[in-house]
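This report introduces a protein to a reader who has not met it before. Please look over the sequence and the structure shown here, and then follow the sections below.

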Amino acid sequence: MIKVYTAPQICKDCRKLEKLIEKRNLQVERVNIIENTANLKTYLAYRDISLDFIPVKEEGKIGIPFFERENGTITFNVNEALYWMHQPPLEAGELEDDEEEACDACSLKY
């Protein structure tokens, strides 16, 4: 099962993704990185060690939400994660939310 690392309490992009997960009834394992210390440590280990985070850190972004495949591959790209789940790509405006603009500090891509 695909894991998705989020922090919806503090991240606009994570909240948008949560709405998409609910709308599409996606079967993912949610890992809220601020829910407990173990989740935060797991996230920080990825951020500190994974080469995938280098461009994220260079852009001054946090690196959430991100998706982890069963084989350990990660992506920040929603459409790539949807592909992993055998789902169609995003439709135009599907992640848009009139209430919240994209978060400049987060890493959501599509």
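## The lining of the largest cavity

In this predicted model, the lining of the largest cavity consists, by class, of ten nonpolar residues, with no polar and no charged residues. The residues concerned are L17, L20, I21, L26, V28, F67, V78, A81, L82 and M85. Two helices, α1 (12-24) and α4 (78-84), each contribute at least two residues to this lining.

The space in the largest cavity comes to about 40 Å³, and the structure holds one cavity of 30 Å³ or more.

## Overall make-up

The secondary structure of the protein consists of four helices and four strands, which follow one another along the sequence in the pattern β-α-β-α-α-β-β-α. Of the 110 residues in the protein, 45% are buried, and the area that the protein exposes is about 6,500 Å², with 49% of it supplied by carbon and sulfur atoms.

Among the contacts in the protein with a separation of 6 or more, 60% are between residues that lie 24 or more positions apart.

## The sheet

The four strands form an open sheet with mixed pairing, and their order in the sheet is β2-β1-β3-β4. Because β2 (29-32) and β4 (74-75) stand at the edges and have a single partner strand each, one side of each is left without a neighbour in the sheet.

Strand β1 (residues 3-6) pairs with β2 in the parallel sense, over four bridges; within this part of the sheet, T6 stands opposite N32 in β2.

## Backbone details in the loops and after α4

The peptide bond that runs from I64 to P65 is cis, and its omega is near -10 degrees. P65 itself belongs to the loop between α3 (54-58) and β3 (66-68).

A positive phi in a residue other than glycine is found at N25, where the value is near 55 degrees, and N25 lies in the loop between α1 and β2. N25 counts as exposed because its relative accessible area is 57%, where exposed means over 50%. H86, which is also a residue other than glycine, has a positive phi near 60 degrees and is placed in the segment after α4. With a relative accessibility of 74%, H86 is likewise counted as exposed.

Terms used. Residues numbered from 1 in each chain as written. Predicted model: local features only at pLDDT ≥ 70, side-chain atom pairs only at ≥ 80, totals over all residues. Heavy atoms only, no water. Buried < 20%, exposed > 50% of the residue type's maximum accessible area, 1.4 Å probe, protein only. Contact = heavy atoms within 4.5 Å. Areas by Shrake-Rupley, 256 points an atom, 1.4 Å probe, with all protein chains shown as cover. 1 Å grid on protein atoms, 1.4 Å probe; cavity = no way out; pocket = protein on both sides within 12 Å on 5 of 7 lines; lining within 4 Å. Points joined across faces, edges and corners; volume = space filled by probe spheres on them. Nonpolar A, V, L, I, M, F, W, Y, C, P; charged D, E, K, R; others polar. Pairing = 2+ DSSP bridges.
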